[in-house]
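Here is a friendly walk through one protein chain. Take a moment with the sequence and the fold before reading on.

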Amino acid sequence: MTDPQSPSRPARLRWRRYLLLGLGGAAVLFALYTWFVLHWSYSTGYRSGLLQKFSEKGWVCKTHEGELWQSVVANVAPTIWAFSVRDHRVARQLDTLVGRQVRLHYTEHRGVPTRCFGETGYYVDSVVVVE
């Protein structure tokens, strides 16, 4: 004799299937959202200044991070602009230019859900040395 309080085996399997479908759907939506914010830029532009710092950071996700000192007038405190680099070719190039005047092209991506793509929302994709 079966207990009327316990759900039948097919009902339990149905519940597990809905849970797995819900979790799978959430994972797909998260992946699509991440892809979208990384491939659609909020803004794009150029910044120039002295490349003060460039390093590789992170415990699990290693990212390339840098600081650009922007100064308009001598003897005035510079504005420090932090940026990230996702392209290894550009990272190798920037690594050799610390202490030099550079012009950086960047794209801004807002809403990136994790810091594994960079600590900032500004991603540099090209660099030119300013003489």
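The notes below go from the overall form to the strands and then to the aromatic side chains.

Please keep in mind that this is a predicted model. The chain contains two helices and five strands, arranged along the sequence as α-β-β-β-α-β-β. Its radius of gyration is 24 Å, whereas a compact globule of 131 residues would come out near 14 Å. Along the principal axes, the C-alpha atoms occupy a box of roughly 90 × 30 × 30 Å. Buried residues make up 26% of the 131 in the chain. The exposed area is about 9,500 Å², with 59% of it coming from carbon and sulfur atoms.

Strand E4 (residues 101-108) deserves a closer look. Six of its eight residues are buried, so this strand is largely enclosed by the rest of the structure. E4 pairs with strand E1 (residues 43-57) in the antiparallel sense through eight bridges, and valine 102 of E4 is the bridge partner of glycine 49. E4 is also antiparallel to strand E5 (residues 122-129), with seven bridges joining them. Here glutamate 108 has tyrosine 122 in E5 as its bridge partner.

Now to the rings. The whole structure holds six aromatic pairs, and ring pairs connect Phe54, Trp81, Phe83, Tyr106 and Tyr122 into a cluster. Two arginines also lie over tyrosine rings, as the table shows.

| Arginine | Ring below | Distance from ring centre |
|---|---|---|
| Arginine 47 | Tyrosine 122 | 5.8 Å |
| Arginine 103 | Tyrosine 46 | 3.9 Å |

Tyrosine 122 thus appears in the ring cluster, in a bridge with glutamate 108 and under arginine 47.

Key: Residues are numbered from 1 along each chain as its sequence is written. This is a predicted model: local features need pLDDT of at least 70, side-chain atom pairs count only at pLDDT 80 or more; totals for chains, interfaces and linings use all residues. Side-chain values use heavy atoms; hydrogens and water are left out. Rings of Phe, Tyr and Trp (its six-membered ring) pair if their centres lie within 6.5 Å; planes under 30 degrees apart count as stacked, over 60 as edge-to-face and the rest as tilted. A charge sits over a ring if NZ of Lys or CZ of Arg is within 6 Å of the ring centre and within 35 degrees of the ring normal. Buried means under 20% relative accessible area, exposed over 50%, partly exposed in between (1.4 Å probe, protein chains only). Helices (H or I, at least four residues) and strands (E, at least two) are DSSP runs, numbered from the N terminus. Two strands pair if DSSP finds at least two bridges between them. The radius of gyration is taken over C-alpha atoms; the globule rule is 2.2 Å times the number of residues to the power 0.38. Accessible areas come from the Shrake-Rupley method with a 1.4 Å probe; for residues, only the protein chains shown count as cover.
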